[in-house]
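Me: I'm new to reading protein structures and would love some help. Could you take a close look at one helix and then at the aromatic rings?

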Amino acid sequence: MLHRRSGLSRRAFAVTTLSALVAGGGAVAAGAAMAGGTDDKGASRRRATGEMRGVWVATVTNRDWPSKPGLTVAQQKAELIAILDRAVKDRLNTVIFQVRPAADALWPSPYEPWSSVLTGTQGRAPGWDPLGTAVKEAHARGLELHAWFNPYRVSNQADPTKLIASHPARKHPDWVVTYGGKLYYNPGLPQVRAFVENAILDAVKKYPVDAVHFDDYFYPYPVAGQTFNDDAAYDRYGSGFPNRAAWRRDNIDKLIRETAARIKEIRPGTQFGISPFGVWRNIATDSRGSDTKAGVQTYDDLHADTRKWVRQNWVDYIVPQVYWNIGFAAADYAKLVSWWAGVAKGTATKLYIGEALYKAGDPAQPAAWQEPAELSRHLTLAAKYTQVRGHVFFAAREVAKDPIGAMARVVADHYKKPAKPPR
């Protein structure tokens, strides 16, 4: 399969290859990160109760699928089937399929236009139903299909006139904030939140998806020298909050709580999971935070209180993107897994770890990522924590290509037999 190289894929590649994270200021306060329970029987216990073995399939900018816009229906289907078949071959059990990459849809939605990643033209019908097909074909292979939605991103460019004329963002320009050269829906507007939920839940009504999945984008990642202009919304709705940041976090909390409740009403067996950036807060910022020196903290910068969502059992599962190697100074994989295990301990929220397969063999990455065994070591380490119920790999393109055999090593060392996902 040919894939377009893109700098606009799902994570902005972990905030532009983590330069922002490494640049985080200040010495880390003394003290160990919050520890989770460990024991040698953790791996066998997880096998008995299920283990997440997932892969993300990113469609934004045609990162993983389809390989380019404008393929025939047969070509698009063949590429999708190949991803599912590869997941089965590697004894994975879950595919997290991005079906709303940017206020658009990979199913016939009454709320938003067909995504341009399919045909090259926003709003043009592709001649088939990718989400419906993905659900059917995944289930036929014994795979779970988690539908992945990006809540607030409207476009990776800043000109509203480049959107189809019928786009909701053009019908409601007051819903939109331009920031960092992109367009976003304003999370501070109740009508925006209701619309986003309705657009997402349309897919839940129509298809037996096994989960609704959000990624790490809530309020956008900070852009130096720019301000996310939500003054009017804050003036109207922000009274009663101590500051704008608290109001913004409440807006995202409402999205999470309401989406969770509505999923359960519409399709009770469907789970709700979120994959946040791996650092909630640094311990130097908050004594409850992780022993990290992150330049980005989800609580402060994305206004996503991911720790609270776990502790309050608002989500069925969480997949923090722990996209760094063991021993990485600014954000050590080992310390973060321990911290997240401590957060999940005693809750009903299942903890999976997001793994940076895309870094394996990338010459721009630290030396640890040139070792085929680095990811396998991650799984060995995480198995010490009973709270860790599995892993999800970013992303499908790298699962297929596996340039240095890192995924093959994971499969050989850890996935010798099939496993069902946790339930």
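Reply: Happy to help; here is a walk along one helix, followed by a tour of some ring pairs.

A word on the ground rules: this is a predicted model, where local features need pLDDT of at least 70, side-chain atom pairs count only at pLDDT 80 or more, and totals for chains, interfaces and linings use all residues. Residues are numbered from 1 along each chain as its sequence is written, and side-chain values use heavy atoms, with hydrogens and water left out.

Let's start with helix H13, residues 333–344. Helices (H or I, at least four residues) and strands (E, at least two) are DSSP runs, numbered from the N terminus. H13 has twelve residues and reaches 16 Å from its first C-alpha to its last, close to the 16 Å expected; that expected span is 1.5 Å times one less than the number of residues.

At the N-terminal end, Asp332 acts as a cap, with a side-chain oxygen 2.9 Å from the backbone nitrogen of Ala334. After the helix comes Gly346, whose phi is positive, near 85 degrees.

How much of H13 is covered? Ten of its twelve residues are buried, meaning under 20% relative accessible area (exposed is over 50%, partly exposed in between, with a 1.4 Å probe and protein chains only). Among them are Trp339 and Trp340. The cover includes helix H12 (306–311), strand S10 (350–355) and helix H14 (374–382), counting contact as heavy atoms within 4.5 Å.

Now for the rings. The whole structure holds 25 aromatic pairs. Rings of Phe, Tyr and Trp (its six-membered ring) pair if their centres lie within 6.5 Å; planes under 30 degrees apart count as stacked, over 60 as edge-to-face and the rest as tilted. Phe218 and Trp309 have ring centres 5.4 Å apart and planes at 75 degrees, so this pair is edge-to-face. Phe218 sits in the loop between strand S7 (211–214) and helix H9 (231–237), while Trp309 is in helix H12, 91 residues apart. Phe218 is buried at 2% relative accessible area, and Trp309 is buried at 0%.

Trp280 and Tyr299 are also edge-to-face, because their centres are 5.7 Å apart and their planes at 70 degrees. Trp280 counts as buried at 1%, and Tyr299 is buried at 16%.

Finally, ring pairs join Trp56, Tyr323, Tyr358 and Phe394 into a cluster.

Technical notes. Polar contact = N/O pair within 3.5 Å; in protein donor to acceptor, adjacent residues only side chain to side chain.
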